[in-house]
Amino acid sequence: MTSATFSDRVETWRAQGRMESFRGHSIHTFYRDGTGPLLVLLHGFPTSSFDWREFLKVDTKRSVLAFDFLGFGLSDKPRDHSYTLSWQADLTEELVLRYGNARPVHVVAHDMGTSVATELLALAGELNFRLDGVLLSNGSILTERANPTLGQKILKGPLGSVATRLMSESFFSHQFRSIFSDQHPVTDQGVADNWALLVNNDGNRLGHKLVSYMTERVIYADRWHGAITNWQGDLRLAWGMQDPVAVPEVLEGLLELHPDLPVTRWEDLGHYPQIEDPPRFAAAVDESMAASGSPL
């Protein structure tokens, strides 16, 4: 496997974390001790926990756990693995048990991470930790209402494995830039850093496997949609309304499943609110944790 050349920004992020072992694989894990319950941050596809870097510069006091799912970022990227969301949920539970110190947990999830979060909701009665609250942001949970990117469609199709060998940085850059709002575009540095994390350990060759979460969202729709409908704890939504992927129709569909869910709508933000405007995202997290009885 080929290791990428990282900027000082990524190297600093790597140095702030450590490698944890889970079922024979190394997982890059960031943990910061602090006040209150454990805030668990779940990232999306095709990026990594690096997505939370700027948010964590705003939210400086809370106890936080953020990690790269297997196949992403600085974690291992085995070629022969079946990348199921249930596996990633098991990883989440294990890391929470290692770092949580029996504290209650508040999950903030983005994109693919929202489906890991809904699996945790479905497992809530079986989890070995107390799930106090969940905040879901810009995830295409209702696939029939979402608008996948061209890259996702290609990777999910019959030529997905071929497409991974042809993916270029310029194609990634075009796709990645297109899902940010016009008012808050991603920086050139942001594109370069995320491309380096993607290609690290040949992760760009796994896209057709990693994108299988989209199929799982169809297969397990009843389970995960039911978990949202039936969840009696604190559950909130925070949405960048200019998202061209997890479009506003997805948000409205979630409210049809659970009409009373509190929502924060950002009319000028796109798919990555936590990157586009970290202070506003941090305010939504503060509100979510306070509502679940988990203030600083």
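D111 sits in the loop that links β5 (105-110) to α4 (112-122), and this residue is a good place to start exploring the predicted model.

**Exercise 1. Find what is unusual about the backbone at D111, and decide whether D111 is buried or exposed.**

Step 1. Start from the background: most residues other than glycine have a negative phi, and most peptide bonds are trans.

Step 2. Look at the backbone angle. D111 has a phi near 55°, a positive value in a residue other than glycine.

Step 3. Check the surroundings. The relative accessible area of D111 is 4%. Buried means under 20%, so D111 is buried.

**Exercise 2. Locate N201, and work out its phi and its burial.**

Step 1. N201 belongs to the loop between α8 (188-199) and α9 (207-210).

Step 2. Its phi is near 55°, again positive in a residue other than glycine.

Step 3. The relative accessibility of N201 is 16%, so N201 counts as buried.

**Exercise 3. Which peptide bond joins F45 and P46, and where does P46 lie?**

Step 1. The bond between F45 and P46 is cis, with omega about 0°.

Step 2. P46 is found in the loop between β3 (35-42) and α2 (53-58).

**Exercise 4. Put the strands of the sheet in order and name the edges.**

Step 1. Trace the sheet across. Its 8 strands run in the order β1-β2-β4-β3-β5-β6-β7-β8. The sheet is open, and its pairing is mixed.

Step 2. Look for strands that pair on one side only. These are the edge strands, β1 (18-22) and β8 (263-266).

Step 3. Add the twist, which averages 20° from one strand to the next.

**Exercise 5. Follow the bridges through the sheet, using L38 and V105 as markers.**

Step 1. Take the β4 side of β3. β3 and β4 (residues 62-67) pair in the parallel sense over 5 bridges, and S63 in β4 is the bridge partner of L38.

Step 2. Now take the β5 side. β3 and β5 also pair in the parallel sense, over 5 bridges. Here L38 stands opposite V105.

Step 3. Carry on from V105. β5 and β6 (residues 131-137) pair in the parallel sense over 6 bridges, and the bridge partner of V105 in β6 is L131.

Step 4. Return to β3 and ask how it connects to β4. Together, β3, α2 and β4 make a right-handed β-α-β unit.

Step 5. Finish with burial. In β3, 6 of the 8 residues are buried, so this strand is largely enclosed by the rest of the structure.

**Exercise 6. Describe how α4 packs against α3 and α11.**

Step 1. Recall that two packed helices are described by the angle between their axes and the distance between the axes.

Step 2. Apply this to α3 (residues 85-99). α3 and α4 pack at an angle of about 70°, with their axes 9 Å apart. An angle of 65 to 115 degrees counts as roughly perpendicular, and α3 and α4 are therefore roughly perpendicular to each other.

Step 3. Find the residues. From α3 come L85, Q88, A89 and T92, and from α4 come M112, S115, V116, E119 and L120. This contact has 5 nonpolar, 3 polar and 1 charged.

Step 4. Repeat for α11 (residues 221-230). The axes of α4 and α11 come within 8 Å and cross at roughly 70°, which makes α4 roughly perpendicular to α11.

Step 5. In this contact, S115, T118, E119, L121 and A122 of α4 meet R223, W224, A227 and I228 of α11. By class there are 5 nonpolar, 2 polar and 2 charged residues.

Step 6. Check how covered α4 is: 10 of its 11 residues are buried. Among them are M112, S115 and E119.

**Exercise 7. Find the contacts of R145, and state how exposed R145 is.**

Step 1. R145 lies in the loop between β6 and α5 (150-156).

Step 2. Its relative accessibility is 29%, so R145 counts as partly exposed.

Step 3. Leave aside the neighbours within four places in sequence. R145 is then in contact with V247, E249, V250, E252, G253 and E256.

Step 4. Try a distance too. R145 and K77 are 68 residues apart along the chain, and their C-alpha atoms are separated by 30 Å.

Technical notes:
Residues numbered from 1 in each chain as written. Predicted model: local features only at pLDDT ≥ 70, side-chain atom pairs only at ≥ 80, totals over all residues. Heavy atoms only, no water. Helix = DSSP H or I, 4+ residues; strand = E, 2+ residues; numbered from the N terminus. Buried < 20%, exposed > 50% of the residue type's maximum accessible area, 1.4 Å probe, protein only. Pairing = 2+ DSSP bridges. Right-handed = clockwise from strand over helix to strand, strands pointing away. Axes fitted to C-alpha atoms, helices over the stretch in contact; angles between N-to-C directions. Parallel < 35°, antiparallel > 145°, perpendicular 65-115°, else oblique. Contact = heavy atoms within 4.5 Å. Nonpolar A, V, L, I, M, F, W, Y, C, P; charged D, E, K, R; others polar.
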